[in-house]
Amino acid sequence: MSQAHRQEIRVPGMPEPISHFTHVVRAGRLVFVSGCVASDESGKTVGGSDIVAQTRQVHENIKRCLAAAGATFADVCKVTVFLRNVADREKVNTVRQEYFGAQRPASTLVEISRLVRDDLLIEIEATAVLPENGASGSRGASGKAARAASRASKTARRGTSGSRSTQRKRR
């Protein structure tokens, strides 16, 4: 069975995209996570005006997206952080260290005037590279569970009109 070259993944527990994008795209060993904000599964902002609470929610959403593609924070090579107030950088870094541990991704930080909603303070996108063997030492069964959840999610979407993902197979 050949693996699709490009796979679009909608992540259970994440709000439905409001424009023309998907939560995650996996292309071979590369995993691209769309910008995550501090939203709960219904799209409501978590954390109010607390940058630490919003940053934690953003990282929880990134973790969900990575898991759906069979990845973890250890696989993340690059993040881009969009921050409403660059003075919050230290608080954001403290939360980020909780999720990345000793791993340090390449990173870009950009201060911006606003995000998609005025109550959002931070957005982070991530790029990960999966190991060549398809599983990292710490991933184990959780990667298999994430792939199974992703397959189940795709199967469920096929039953709803307009939300079926298009996949191109290697020839």
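## A tour from Arg 6 to the aromatic cluster

Start with Arg 6, which is partly exposed at a relative accessible area of 31%. Three labels are used for accessibility: buried is under 20% relative accessible area, exposed is over 50%, and partly exposed is in between (1.4 Å probe, protein chains only). This is a predicted model, in which local features need pLDDT of at least 70 and side-chain atom pairs count only at pLDDT 80 or more, while totals for chains, interfaces and linings use all residues. Residues are numbered from 1 along each chain as its sequence is written, and side-chain values use heavy atoms, with hydrogens and water left out.

**Salt bridges**

Add Glu 8 to the selection: Glu 8 and Arg 6 form a salt bridge, with 2.8 Å between the closest N and O atoms. A salt bridge here is a side-chain nitrogen of Lys or Arg within 4 Å of a carboxyl oxygen of Asp or Glu. Glu 8 is partly exposed, with a relative accessible area of 23%. The structure holds seven salt bridges.

Next select Arg 56 and Glu 98, another salt bridge with its closest N and O atoms 2.8 Å apart. Arg 56 lies in helix 1 (residues 51–68) and Glu 98 in helix 2 (residues 89–100), so this pair ties together parts that are 42 residues apart in sequence. Helices (H or I, at least four residues) and strands (E, at least two) are DSSP runs, numbered from the N terminus. Arg 56 is partly exposed at 33%, as is Glu 98 at 45%.

Then go to Arg 114 and Asp 118, whose side chains meet in a salt bridge at 2.9 Å, N to O. Arg 114 is exposed, at 51% relative accessible area, and Asp 118 is exposed at 52%.

**Helix 1**

Colour helix 1: its 18 residues reach 26 Å from first C-alpha to last, close to the 26 Å expected. The expected span is 1.5 Å times one less than the number of residues. At its N-terminal end, Asp 50 acts as a cap, with a side-chain oxygen 3.0 Å from the backbone nitrogen of Val 52. Just after the helix, Gly 70 takes a positive phi of about 80°. Show the buried residues of helix 1, among them Ile 51, Val 58, Ile 62, Cys 65 and Leu 66.

**Cysteines**

How many disulfides does the structure hold? There are zero disulfides, a disulfide being a pair of cysteine sulfur atoms within 2.5 Å. Select Cys 65, which is buried at 0% relative accessibility. Its sulfur is 4.1 Å from the closest cysteine sulfur, in Cys 36, which is too far for a bond. Cys 77 is partly exposed, at 41%.

**Aromatic rings**

The whole structure contains two aromatic pairs. In the pair of Phe 73 and Tyr 99, the ring centres are 5.6 Å apart and the planes stand at 55°, so the pair is tilted. Phe 73 is in the loop between helix 1 and strand 4 (76–83) and Tyr 99 in helix 2, 26 residues apart. Keep Phe 73 and add Phe 100: the centres are 4.9 Å apart and the planes at 70°, so this pair is edge-to-face. Rings of Phe, Tyr and Trp (its six-membered ring) pair if their centres lie within 6.5 Å; planes under 30 degrees apart count as stacked, over 60 as edge-to-face and the rest as tilted. Finish with Phe 73, Tyr 99 and Phe 100 shown together, since ring pairs link them into a cluster. Phe 73 and Tyr 99 are buried, and Phe 100 is buried too.

Notes: A polar contact is a pair of N or O atoms within 3.5 Å; within protein, one must be able to donate a hydrogen and the other to accept it, and residues adjacent in sequence count only if both atoms are side-chain atoms.
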